[in-house]
2 protein chains.
Amino acid sequence: MPVERVRRRIPEATVARLPIYLRILGERASEEVECISSEGLAELAGVNAAKVRKDLSYLGSYGTRGVGYEVAFLVYQIRRELGLTHDWPVVIVGAGNLGQALAGYNGFGERGFPVAGIVDIEPAKVGSVIGGVRVRHIDDLPQIVQSRRVSIGVVATPPTSAQDAAERLVRAGVTSILNFAPVVLAVPRGISVRKVDLAVELQILSYYEQRRVGVGLQAVGSNDSTRGASA
Amino acid sequence: MPVERVRRRIPEATVARLPIYLRILGERASEEVECISSEGLAELAGVNAAKVRKDLSYLGSYGTRGVGYEVAFLVYQIRRELGLTHDWPVVIVGAGNLGQALAGYNGFGERGFPVAGIVDIEPAKVGSVIGGVRVRHIDDLPQIVQSRRVSIGVVATPPTSAQDAAERLVRAGVTSILNFAPVVLAVPRGISVRKVDLAVELQILSYYEQRRVGVGLQAVGSNDSTRGASA
DNA sequence: CGCGCTTTGTGAACGTGTGCACAACTGCAT
DNA sequence: ATGCAGTTGTGCACACGTTCACAAAGCGCG
């Protein structure tokens, strides 16, 4: 078992679901559940059981036929596969409304993504403390990224500054970006970008909402978290 | 509306991209650009030109060969298709960190999703004013939803209260939900749910970040459905 | 030990999404 | 008019993702 096998490529759609399974398994583990079937996990995750089995099969054959999956072991395997065996400090660019909310949200640190720093271009914002972290000037970005070994940056600026923020992050050495600004970031090859755009989500809901009136009800577009990451 | 043409079903992946095109076209329009080619739009959206043409073809044949697409007309068509010809008031459940940030974020109203109300279960939070909207008690939900004709609800509660919030929303008459809580909501058939989960996004980035170290590979999923990443 | 019950792991079929390549068409110059 | 350069719209092939269906395998019990 200690044989580190060649790392299989895991389909993007599966990668997007693993965190969901992980959270559910964690909850189950804290309720002293030791074993779970693909059927049970599927129900809790809101997906098909066959999909769960196929997803998990990419990690290896870690289930026991006739029984199910050992929760604790599965948690370990998923965490390992997702690279969650150690913390990933993040740096937030933009200390406005959103940046503050993100920094003040403890869920980040709890889930292995401690906020290593918050920066803003506005000198007036520098110095205040949010969620235990002092806001620093954006010029300090390279120093923060290097000293804290940050590889993930969060863009929480107004749209007009987002591209600049991204470029500064990349220059400072960040290789993954989570973008909250409603713009399409242009980044060099090899930099992963994921986007969270509230307006887009609402507009998608609007589409299905609008269709609803015309015809009767119908199944709705589920959230495909199946978005690529990587340029 | 017999004359109203039969509504083609638009692929989900396309629906998810239309809002992106819409935003870009809006920006171009405000810069007095009258016409844009699929190539040009594709570059700005970080996608393939053929994909843009196919996406737009679902709306109808609104381009001019040899020329491109008339920006203003395209904006109109996309807005119509997405149901953005009128506002969609939203109600936010949860006046915590995130709920406040969302309510204070003007982008919502500007993009056609005015905040019709914010509610919280905590009496202590009721009464304060955020972004011009007074926080009300969650028991007022049905009244708000009905009087303001709200069909979209936003769940911004802690995870443990999210399912309850969703059920209250549905009972009050909401048919679409945007969920920020890290839980899988169980809702009746016919209710649309979209999820925004920061931890999941970060964990996906973690996966690619972790792979990066092992091998010097990059560019895993190349193009993606919803996200924009260009180089 | 063997039998029946349960559940996994996966081959294969199907459905959805993507990208190429090119015919069809437009507008302009001559 | 005719030709040419540019761009759309789409058929087609391929890649990716989902679901079914079932053999293989573990477990408990008599």
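Which residues does A:F108 touch, not counting residues up to four places away in sequence? Let's start there. A:F108 touches A:L102, A:F113, A:P114 and A:V115 in chain A, and B:L198 and B:L202 in chain B; contact here means heavy atoms within 4.5 Å.

Before I go on, the ground rules. This is a predicted model, so to speak: local features need pLDDT of at least 70, side-chain atom pairs count only at pLDDT 80 or more, and totals for chains, interfaces and linings use all residues. Residues are numbered from 1 along each chain as its sequence is written, chains are lettered from A and ligands numbered from 1 in the order in which they are written, and side-chain values use heavy atoms, with hydrogens and water left out.

Back to A:F108. You'll find A:F108 in helix α6 of chain A, residues 107-110. Helices are DSSP runs of H or I with at least four residues, strands are E runs of at least two, and both are numbered from the N terminus. A:F108 counts as buried, at 2% relative accessibility. The scale is this: buried is under 20% relative accessible area, exposed is over 50%, and partly exposed is in between, with a 1.4 Å probe and protein chains only. From A:F108 to A:W88 you go 20 residues in sequence and 10.0 Å in space, C-alpha to C-alpha.

A:W88 turns up again with B:E209. That glutamate, B:E209, is in helix α9 of chain B, residues 198-214. Is B:E209 buried or exposed? Buried, with a relative accessible area of 6%. Its contacts, leaving aside neighbours within four places in sequence, are A:W88, A:S151, A:T175 and A:S176. With A:S176 there is a side-chain to side-chain polar contact of 2.4 Å. A polar contact is a pair of N or O atoms within 3.5 Å; within protein, one must be able to donate a hydrogen and the other to accept it, and residues adjacent in sequence count only if both atoms are side-chain atoms.

Now the cores. A nonpolar core is a set of buried Ala, Val, Leu, Ile, Met, Phe, Trp, Tyr and Cys residues joined through side-chain atoms within 4.5 Å. The largest one has 104 residues, and A:I78, B:Y21 and B:I78 have the most contacts inside it. A second, separate core has 23 residues, including A:V93, A:A116, A:V145 and A:A165. As for A:I78, the residues touched beyond four places in sequence are A:L18, A:Y21, A:L22, A:L25, A:L56 and A:L59.

On to the DNA, strand D to begin with. A residue is near a strand if one of its heavy atoms lies within 4 Å of it. Strand D is surrounded by 26 residues, and the closest are A:R65, B:S38, B:R53, B:R65 and B:Y69. Of the strand D atoms that come within 4 Å of the protein, 67% are sugar and phosphate. On the phosphate side, B:S38 puts a polar side-chain atom 2.6 Å from a phosphate oxygen of strand D. For A:R17 that distance is 2.9 Å, and for A:K51 the side-chain N or O atom is 3.3 Å from a phosphate oxygen. A:R17 sits in helix α1 of chain A and is buried, at 18%. Its contacts beyond four places in sequence are A:V47, A:K51 and A:D55. The most residues on the strand D surface, four, come from α3(A).

What about strand C? There are 28 residues around strand C, with A:S38, A:R53, A:Y69, B:K54 and B:R65 nearest. Sugar and phosphate again make up 67% of the strand C atoms that come within 4 Å of the protein. Here we also get bases: the side chain of B:R65 has an N or O atom 2.8 Å from a base nitrogen of strand C, and for B:R53 the figure is 3.3 Å. A polar backbone atom of A:Y62 is 3.4 Å from a phosphate oxygen of strand C. The largest share of this surface, four residues, belongs to α3(B).

Last, cysteines. The count is zero disulfides over all chains, a disulfide being a pair of cysteine sulfur atoms within 2.5 Å. A:C35 is partly exposed, at 35% relative accessible area, and B:C35 is partly exposed at 35% as well.
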